2 protein chains.
Amino acid sequence: MDSSQLLKGVLDLAVLAVLDGQDSYGYDVVRRLREAGLDDVGDASVYGTLRRLFKAGALTSYVVASDEGPHRKYYGLNDVGRSLLSDSARTWTSFAATMDGLLKEVGAG
Amino acid sequence: MDSSQLLKGVLDLAVLAVLDGQDSYGYDVVRRLREAGLDDVGDASVYGTLRRLFKAGALTSYVVASDEGPHRKYYGLNDVGRSLLSDSARTWTSFAATMDGLLKEVGAG
DNA sequence: TGCCACTATTGCGCATTGCACAGTACTGTG
DNA sequence: CACAGTACTGTGCAATGCGCAATAGTGGCA
């Protein structure tokens with residue numbers, strides 16, 4: 001089954017979680033998400049999400065030069081972002097519990 | 001936070017889970033999902049999902065007259081639907097575990 | 001020198017899908 | 001007859017993940 005639709009609305013949360021505690025840039029966020037198990041996440045999705053969160057005022061942003069390639073645009077959580085992260089995490093946990101409840105009945109008629 | 005995006009790709013699974021073990025019709029599926037905790041699920045979403053799953057060959061369908069209102073269009077799982085249900089459930093469980101893993105690091109970064 | 005791979009970001013347009021809203025229609029109550 | 005509850009259909013919109021192309025810097029290799 002295609003898991004891409006599962007990311008809808010959750011990618012924001014995943015990106016915020018990755019940025020929590022340590023600033024990072026798009027290319028690296030993609031790498032970290034894939035290592036975490038989100039194998040199929042598209043790079044354009046992550047860049048888009050970062051831009052959207054920044055535009056929404058949840059992230060700070062600054063550019064850093066790199067010796068190994070082009071410049072990197074770092075993003076970090078601000079207060080809005082941290083607040084959004086905890087709210088989203090709570091919403092996700094609750095939602096996941098509801099789904100688990102629905103699935104528990106499967107096969108039990 | 002708006003949880004509507006969280007449903008993306010998961011509503012199929014939720015509907016399949018509700019139909020597992022007992023045939024049902026749209027209006028009742030909506031009611032059951034809301035009782036299960038998916039308070040905000042829209043009726044048009046459920047009807048659309050049922051139609052889509054039927055069109056995809058995962059559901060059987062038959063009409064039953066009702067004494068309390070208009071006819072009811074019942075849906076039930078066939079082999080394709082049951083297979084889709086178990087596959088989707090597995091995908092969901094795995095995905096949810098990945099997300100939980102990402103969130104576990106929050107605050108510990 | 002020229003070609004290629006890896007790194008890194010942006011922008012365009014598309015596909016999927018949940019939802020609001022309107023319309024149709026049947027039953028029962030006042 | 002108006003209205004509420006039940007029940008389904010269709011239209012069009014909004015959100016968002018993704019494929020793909022373009023741009024651009026660094027370094028290796030023939």
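A polar contact is taken here as a pair of N or O atoms within 3.5 Å, where, within protein, one atom must be able to donate a hydrogen and the other to accept it. By that criterion, two residue pairs are in polar contact between chain B and chain A of this predicted model, both at pLDDT 80 or more, while the count of salt bridges between these chains is zero. Those counts belong to an interface in which 32 residues of chain B are in contact with 32 residues of chain A. Together, chain B and chain A bury about 3,000 Å² between them, and 79% of that area lies on carbon and sulfur atoms.

On the side of chain B that touches chain A, at least two residues each are supplied by helix H1 (11-19), helix H2 (26-36) and helix H4 (79-104) of chain B. The largest share comes from H4(B), with 12 residues. Divided by class, the residues on this side of chain B are 20 nonpolar, nine polar and three charged.

The relation between the two chains can be considered next. Chain B is superposed on chain A by a rotation of 180° with 0.0 Å of shift along its axis, at an RMSD of 0.0 Å. The two copies are thus related as by a two-fold rotation axis. Among the residues of chain B, Lys8(B) comes closest to this rotation axis, its C-alpha lying at 2.9 Å. Of the interface residues of chain B, 97% are also interface residues in chain A, so the copies meet through the same surface.

We turn now to the DNA, beginning with strand C. Around DNA strand C there are 29 residues, of which Tyr27(A), Arg72(A), Lys73(A), Lys8(B) and Ser45(B) come nearest. Of the atoms of this strand that lie within 4 Å of the protein, 72% belong to sugar or phosphate, and the rest belong to bases. Several backbone atoms of chain B can be paired with phosphate oxygens of DNA strand C: a backbone N or O atom of Gly42(B) lies 3.0 Å from one, a backbone N or O atom of Gly9(B) lies 3.2 Å from one, and for Leu7(B) the corresponding distance is 3.4 Å. The elements giving two or more residues to the surface near DNA strand C are helix H2 (26-36), helix H3 (43-55) and strand E3 (72-77) of chain A, together with helix H3 (43-55) of chain B. H3(B) contributes the largest share of that surface, four residues, and the residues of the surface divide into 10 nonpolar, 10 polar and nine charged.

DNA strand D is surrounded by 27 residues, the closest being Lys8(A), Ser45(A), Tyr27(B), Arg72(B) and Lys73(B). Sugar and phosphate account for 74% of the atoms of DNA strand D that come within 4 Å of the protein. From chain A, a backbone N or O atom of Leu7(A) lies 3.4 Å from a phosphate oxygen of this strand, and a polar backbone atom of Gly9(A) is 3.2 Å from a phosphate oxygen of the strand. From chain B, an N or O atom in the side chain of Tyr25(B) is 3.2 Å from a phosphate oxygen of DNA strand D. Two or more residues of the surface near this strand come from each of H3 of chain A and H2, H3 and strand E3 (72-77) of chain B. The largest share, four residues, is that of H3(A), and by class the surface near DNA strand D has nine nonpolar, nine polar and nine charged residues.

Notes: Residues numbered from 1 in each chain as written. Chains lettered and ligands numbered in written order. Predicted model: local features only at pLDDT ≥ 70, side-chain atom pairs only at ≥ 80, totals over all residues. Heavy atoms only, no water. Contact = heavy atoms within 4.5 Å. Buried area = accessible area lost by both parts, 1.4 Å probe. Salt bridge = Lys/Arg side-chain N within 4 Å of Asp/Glu carboxyl O. Nonpolar A, V, L, I, M, F, W, Y, C, P; charged D, E, K, R; others polar. Near = heavy atom within 4 Å. Least-squares fit on C-alpha atoms with pLDDT ≥ 70 in both.
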